[in-house]
Every structure is written in structure tokens, then in C-alpha cells.
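Thanks for sharing this one with me. Here are my notes, point by point, to read alongside the model.

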Amino acid sequence: MAEYELNNLNHNIFGDPHPQYDFNEIYTSKYSGNQTGARVKLMEVPLCLDVTSMLSSDYYGYKGVRRLNVGFKITDTVSENSSLIGDAFISAYVKDGNNDDINFQDDDNFRGFGTIDWHTAGDYRTPIAVDARLEVSMFVTKDPSYKDINGISRYILSVYASMHKYGSVSIQPTHLSWDISRKTSDSGVKDTPGWSMFNPFGNPWSNTKEKYDWLFSGLRTNPVISKTDFEAMAGVSTNVRIPVIQPNGLMILDSYSSIDVKAITKLLHLPVGNRYKVEIRNSTIPNGPSTETDKWAFCDIIYTNAQRTISLYYLNNNAYRITENGYNTGSWSSWKSI
């Protein structure tokens with residue numbers, strides 16, 4: 001039987017004989033070594049609404065997207081223990097509007113959230129329980145050096161994961177959807193797709209694996225940083241936030257300069273008609289119980305059309321409850337001990 005060389009003439013015009021497999025890839029970080037609480041960056045993505053004026057006249061080389069939805073399996077490959085496996089989903093976008101509820105400036109329009117569901121045994125639903133699994137954190141930093149024609153800034157989204165001793169973190173992408181940034185064409189037509197030669201999300205000829213490489217391939221070379229350096233980085237700027245990470249129903253807010261728990265359902269864009277558990281870490285809580293100065297708290301929220309009740313728990317075992325009648329009416333009761 002004769003042997004034939006597969007090429008773009010006799011098999012596939014793009015020289016890719018099996019494009020259905022182009023999304024299968026596993027990206028693995030460096031080794032953590034003898035570090036407790038180390039962190040590694042999983043991905044970093046610029047988000048921008050309109051790129052007409054970006055890079056002067058060369059907006060064809062812009063980096064980023066307008067909206068990104070990405071899902072992936074995350075595994076902690078610890079040599080001494082069983083591997084941890086979780087399904088993560090992250091969504092982020094820049095909207096065309098005014099004031100964001102996360103208390104940036106009036107021109108800030110970033111929205112983002114993340115969820116993660118761990119497939120390991122154990123009950124981690126206890127308020128402020130020590131979670132032995134990975135901690136995944138979303139950061140967004142406003143980049144005011146670029147504002148589009150509507151005055152909306154560019155945002156840099158970064159996602160980090162903690163690491164256990166003597167292990168690494170692996171990512172296997174499972175889902176991807178996006179909306180590329182827009183631009184005004186040379187003929188003056190607004191909201192046309194922002195084509196980019198160097199950005200696979202803005203390149204109609206790129207395949208899925210090239211997009212995943214653009215998102216996650218840096219994980220293989222990203223430095224492993226200490227817990228101290230990570231926490232210092234989180235407090236560098238008031239423009240740095242960790243919007244929401246939700247492990248098995250527990251939402252986490254971290255390092256906000258202020259969080260008004262009376263407005264927390266709006267802050268988190270929570271839909272009406274459910275019960276939510278929110279852990280607040282290292283943040284100042286205005287309008288909270290006047291006798292409490294501890295920054296750490298846990299919220300249990302019951303949220304319906306008729307009533308919103310917030311129960312607030314502190315590490316010193318003090319707990320309080322406040323109730324609002326109606327939907328965002330502002331008619332709050334006084335804090336009561338529970």
C-alpha cells in the first residue's frame with residue numbers, strides 16, 4: 001500500500017485534517033515547591049467596548065474582547081494527596097452605559113462573575129469554614145490610559161488560583177463564547193467588528209485551540225507567587241476588585257474599600273427569589289452594626305419581592321439581622337442581635 005503525505009492539496013485546504021479536535025488541550029502551571037498558599041495566574045484578558053482609537057490608527061492589532069464566557073476544569077495535582085477537580089465558569093464584559101454598581105467611577109462599565117463547583121467530598125457550606133480546596137480569584141483593574149470614543153475605559157481581567165505544596169494547577173477548557181470589540185469603520189459605520197491580526201478572537205480564520213492558547217498558554221510559564229505578594233497586590237489600588245467567586249453556592253467578596261450590605265443584592269446582581277450565602281473578606285462594611293469593627297463577616301440573604309432579610313455573622317460569634325420591606329424600598333428595620 002502506497003504512503004501518501006497529507007497536505008492542503010489532497011486533504012484539507014487549511015492543512016488541518018482534524019479540526020474537530022482543535023479544542024482539546026491541557027495547560028499546567030509551574031511546580032509550587034515548598035510554599036503554603038502560593039498563587040499562579042490562570043489567564044489575563046483585556047476587555048474593551050470600542051477600539052476605534054486604540055493604538056492610534058492601527059486598531060487592527062488590538063488585544064482583547066468585549067465579552068468573554070469561558071468554562072474549564074481545574075485540577076490541583078498534589079503529589080501527596082488525591083487530586084481536586086472543579087468545574088469553573090467565568091463571565092466578564094464591558095457594557096455601554098453609566099454607573100456600575102461596584103462603586104468605581106461614573107464611566108466604569110465592567111461586569112463580571114465566576115462560579116466553581118468542586119467534585120470532592122466534604123461539607124464546606126459552614127460560614128467562613130477553612131476550605132482545603134483551591135481558591136480561585138477574579139481581579140479587574142481599570143486601565144484609564146485608554147478610553148474609547150464613548151469615554152469607556154479598558155479593563156484588565158486577571159484570574160488567579162491558589163496552589164498547594166508540592167503540586168501544580170492544570171486547566172482543561174470546556175466552553176467558550178465571546179463578543180469581539182467594536183469599531184467605527186473607515187467609512188464611518190459604527191459598531192462594526194473589530195478585526196485584529198494578532199488577536200484570535202478578532203481573527204475570523206483562527207480556530208478554537210488558538211483562542212484557548214491565547215487565554216491559557218501563559219499558565220505554563222507564569223511565575224508562582226507567594227501568598228504575601230498576592231495579598232499585597234490585591235491591596236495596591238482601589239481599582240482592583242474580586243467581584244464574585246461562587247464555590248458550591250458561597251459567594252465571596254474580597255478587598256473592597258466598602259460594602260454596604262443593604263445594597264448587596266444590587267451589588268452582586270442577584271435575581272429575586274432565592275437564598276444566598278456571601279462571605280465578605282477584608283472589607284469595610286458601612287451601615288453595619290454600630291458596635292462591630294471587625295472587617296470579616298458572613299451574610300445569609302433571603303431575597304423575595306415582598307421582603308429582603310440579611311443576617312450578618314462575625315468571627316467573634318456575634319450575629320445580627322436586618323429586614324427591608326418590599327423590593328429595594330429602602331425601608332430597613334434596625335439591626336437586631338440574633
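1. Strand 2 and strand 7 run antiparallel and are joined by nine bridges. Strands here are DSSP E runs of at least two residues, and helices are H or I runs of at least four, both numbered from the N terminus; two strands pair if DSSP finds at least two bridges between them. Within this pairing, Val 45 stands opposite Leu 157 of strand 7.

2. A word on the basis: this is a predicted model, in which local features need pLDDT of at least 70 and side-chain atom pairs count only at pLDDT 80 or more, while totals for chains, interfaces and linings use all residues. Residues are numbered from 1 along each chain as its sequence is written, and side-chain values use heavy atoms, leaving out hydrogens and water.

3. The open sheet has three strands, in the order 2-7-6, with antiparallel pairing. Strand 2 and strand 6 are at the edges with a single partner strand each, so one side of each has no neighbour in the sheet.

4. The largest nonpolar core (buried Ala, Val, Leu, Ile, Met, Phe, Trp, Tyr and Cys residues joined through side-chain atoms within 4.5 Å; buried means under 20% relative accessible area, with a 1.4 Å probe and protein chains only) has 45 residues, and Leu 42, Met 43 and Ile 74 have the most contacts inside it. Strand 2 gives the largest share, six residues. A second, separate core of 18 residues includes Cys 299 and Tyr 320.

5. Beyond its neighbours within four places in sequence, Ile 74 is in contact (heavy atoms within 4.5 Å) with residues including Leu 42, Trp 118 and Ile 171.

Definitions and conventions: Buried < 20%, exposed > 50% of the residue type's maximum accessible area, 1.4 Å probe, protein only.
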